[in-house]
Structure formats: C-alpha cells, structure tokens
Amino acid sequence: MTAPTPLLEMQALVIGYKLGRAERKRVAGPLNLALQAGELVCLLGPNGAGKSTLMRTLAGLQPPLSGQVQIEQIDTQHISAAELARKLSIVLTDRVEAGNLTVQELVTLGRYPHTGWLGNLTAHDQAIVREALAATNTAQFATRRVATLSDGERQKVMLARALAQDTPVVLLDEPTAHLDLPNRVQLMRLLHQLARQTQKAILLSTHELDLALQAADRVWLLHDEGQLHAGVPEDLVLSGTFEVAFAREGLVFDQATGTFTIHKPGTRLVRLDGSGPLAFWTRRALQREGFMLTDDEAPLRVELREQNSASQWVSHVAGQIQSHHSIADLLTYLRTVPDLGQAQL
Ligand SMILES: Nc1ncnc2c1ncn2[C@@H]1O[C@H](COP(=O)(O)OP(=O)(O)OP(=O)(O)O)[C@@H](O)[C@H]1O
C-alpha cells in the first residue's frame with residue numbers, strides 16, 4: 001500500500017529568527033514532518049519551546065532559517081498570497097483589530113480568497129458562512145460588533161472565519177486559551193469531527209494536555225531544546241516522552257492517568273486492591289496524603305469493596321482490619337497509623 005500524499009510537509013525545516021545581519025536564533029529543527037488529510041494533530045510543548053514560531057513559519061508568515069514547507073507539494077515560499085489563502089487558514093493568538101465589523105461581516109471575510117475582494121458571494125459562499133457560524137455556536141451573535149465580544153466569544157468567531165475560508169489545512173494557535181471547560185471540550189470534539197468528515201488536516205497548539213491526549217490523532221511534542229517528537233499520544237505517554245518534554249521540578253507526570261500531578265511521589269508505601277472509579281479517586285487522595293502506591297506487598301493495604309451499591313474502604317495494617325465508609329474516614333484513620341514502611345527512592 002502506498003502512503004497517502006501529505007497535505008503539508010516540512011523538509012529539513014529549521015525555524016527561528018534572524019536577529020542581525022549574521023546572527024540567527026535557532027528555535028527548532030531540522031524538522032521533517034507531515035500533516036495528512038483527515039487528521040487532528042496537537043502541538044504541545046512548554047512555554048517558549050517554539051509552537052507559535054512553528055505555526056507562523058508553516059503559514060508562511062515568517063521565513064524559515066533553512067529548509068522548506070510544502071503545501072500540496074508546492075513550496076510555500078513560491079506561492080502567491082491568494083493561492084496560499086485558498087490552501088491554508090491560520091488563527092493566531094494576537095487580538096484582531098476588527099474595526100467596526102460585525103461578526104457576520106468578519107466571518108464572511110473568510111470567503112474572500114475564493115471570491116476576490118470585489119467578488120459577490122454566491123449562495124454556496126453564504127451557505128458556508130452560515131455553516132461556520134452554526135458549527136462554532138456563534139450564529140446567535142452574528143449581528144454584534146466584534147469589538148463588543150468577550151475574549152472567548154471572539155476566539156470562536158476567529159475559528160468561524162477560518163472555517164469559512166474552507167482550506168484543506170487549518171492551523172490554530174492556542175484556540176482554547178480563553179474558553180471555559182465545556183467550550184474547550186466542544187471545540188476539540190468539533191475539530192476532531194471536522195478533520196474526519198471534511199478530510200482537512202488540522203494542527204492546533206495547546207497547553208491543554210489532557211484534552212489533547214484524548215482528541216489528537218497524533219501529537220507533536222516540542223521540547224525546550226528544539227527537538228520535536230511526533231507520535232500517537234498513547235505511544236508518547238507510554239514511552240515516557242511526555243515526562244521528558246515537560247520535565248520540571250515538582251511536576252510529576254502520572255502515566256496511569258495521563259495528567260501532571262502537583263504532588264511529588266510520597267514515601268509511605270501502600271497497596272491498593274480494587275479497580276474502577278473508586279480506585280482512581282482513592283489513589284488520588286492517597287497520593288495527596290503522601291503515600292506511594294505499590295503493586296507489591298506493603299505493610300499497609302487498602303482493599304476496596306462495594307456491597308449493595310455502598311462503598312467500603314478496608315484497611316489492613318499490622319494485623320488490624322478496619323472498615324471505613326468514605327475516603328475522609330480512611331484518611332483520618334491513616335493519619336493515626338505509625339509510619340510502617342518507606343519506599344526506597
Ligand atoms: N520576534 C522574535 N525575535 C526573537 N526571538 C523570538 C521572537 N519571537 C519569539 N522569540 C523567541 O522564540 C522562542 C519560541 O517562542 P514561541 O513564541 O514560538 O514559543 P511558544 O512555544 O509559542 O511559547 P508559549 O507557550 O509561551 O506561547 C522563545 O525563546 C521566544 O523568546
């Protein structure tokens with residue numbers, strides 16, 4: 001089977017800034033990656049790693065230090081602005097000066113690469129604008145002036161404009177930054193569906209690690225030192241690549257849950273016997289309390305039981321068995337238990 005032709009491809013791309021005549025600041029690269037039709041890729045990385053620089057370079061808004069970006073097999077440095085706007089749309093984090101435009105007018109601007117500045121909107125163009133407003137839940141403020149919108153509302157409108165542009169490649173720099181949790185979830189779901197249904201390639205940068213892990217078909221993980229690891233999110237979690245990319249003192253990546261925890265691993269050993277949501281939340285509470293969970297035999301064991309839809313936490317310590325009816329009860333009891341076993345760190 002031959003590999004599909006990518007919509008966007010980097011070839012030995014080095015991104016960064018020209019600071020002076022001969023001085024260069026290399027941010028990342030050389031990168032050799034591709035975006036395929038129908039996939040949602042999340043670009044993750046710590047602050048300052050180069051996510052926005054990469055987005056702008058891919059969109060042709062700043063030149064690469066070396067190498068090239070090809071979109072549908074054409075070098076973006078040799079393509080007219082109008083043609084590029086029919087192939088690629090980008091939403092940046094910068095606040096857009098929309099003057100006195102209404103939401104409807106701003107979103108309609110997305111159609112101009114297709115119609116030309118003097119072009120009249122066809123029924124097809126108008127339908128695409130309507131669909132973009134509906135998909136992003138912005139139709140209800142179509143007549144409002146953009147300047148009067150909240151940050152989150154404006155962010156959704158900018159996405160609507162990019163959708164109206166209807167390009168095969170869509171780049172979004174931190175599209176969830178101003179959105180509340182339900183809107184963030186909705187947006188990620190929308191982008192995932194959109195990629196699948198319309199066969200667009202969507203690349204978005206984000207700091208929303210757990211949403212990205214759930215929604216992304218692939219993750220591009222940009223490290224501080226400018227290397228980029230690409231892969232299916234679950235492979236990157238299991239290989240420990242996430243931990244390395246975000247390695248910071250006091251930040252612990254929990255492979256079991258795919259989240260960063262604010263607690264350093266404790267030293268008191270406990271074995272937890274049970275599964276499902278009860279085990280998940282018990283484990284969280286024990287970690288906060290300074291325990292380290294182990295699968296081996298430990299001087300302290302907590303067994304989870306569910307009887308007649310009531311939960312029970314049964315602690316086994318030095319031959320004493322106690323039953324507790326909530327995590328609060330369990331923790332209160334454990335605070336009275338002497339420290340019986342320390343993990344060898
Ligand atoms: N115009 C510029 N000239 C020189 N260096 C720049 C310029 N803009 C950004 N940088 C530097 O390039 C590096 C990458 O910045 P970039 O904004 O791409 O990071 P980022 O991953 O998007 O960060 P964040 O998560 O904080 O948004 C940083 O060290 C930044 O200071």
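Q: Which residue stands opposite Leu88 in S8?
A: This is a predicted model: local features need pLDDT of at least 70, side-chain atom pairs count only at pLDDT 80 or more, and totals for chains, interfaces and linings use all residues. Residues are numbered from 1 along each chain as its sequence is written. S8 is a strand (helices, H or I of at least four residues, and strands, E of at least two, are DSSP runs numbered from the N terminus). Opposite Leu88, in S8, stands Val169.

Q: How many bridges join S7 to S8?
A: Strands of a sheet pair through backbone hydrogen bonds, either parallel or antiparallel. Two strands count as paired if DSSP finds at least two bridges between them. S7 and S8 (residues 169-173) run parallel, and the number of bridges joining them is 4.

Q: Which are the edge strands of the open sheet?
A: The sheet holds 6 strands with mixed pairing, in the order S7-S8-S9-S4-S10-S11. An edge strand here pairs on one side only. That picks out S7 (88-91) and S11 (228-231).

Q: At about what angle does H6 run to S7?
A: H6 (residues 151-165) lies across S7 and S8. Axes are lines fitted to C-alpha atoms, for helices over the stretch in contact (C-beta atoms, placed from the backbone, within 7 Å). Angles run from 0 to 180 degrees between N-to-C directions. For H6 against S7 the angle is about 180 degrees.

Q: Which element gives the most to the largest nonpolar core?
A: A nonpolar core is a set of buried Ala, Val, Leu, Ile, Met, Phe, Trp, Tyr and Cys residues joined through C-beta atoms within 7 Å. Buried means 20 or more other C-beta atoms within 10 Å of the residue's own, all placed from the backbone. The largest core has 64 residues, and Val169 is one of those with the most contacts inside it. With 7 residues, the top contributor to this core is H6.

Q: How many residues make up the second core?
A: This core is separate. Its members include Leu300, Val302, Trp313 and Leu334. The count is 11.

Q: Which element gives the largest share of the shell around the ligand?
A: Among the residues around the ligand are Tyr17, Lys25, Gly50, Lys51 and Ser52 (near means a C-beta atom, placed from the backbone, within 6 Å). Two elements give two or more residues each: S2 (24-31) and H1 (51-58). The largest share, 3 residues, comes from H1.

Technical notes:
Two residues are in contact if their C-beta atoms, placed from the backbone, lie within 7 Å. A residue is buried if 20 or more other C-beta atoms lie within 10 Å of its own, exposed if 12 or fewer, and partly exposed in between; C-beta atoms are placed from the backbone.
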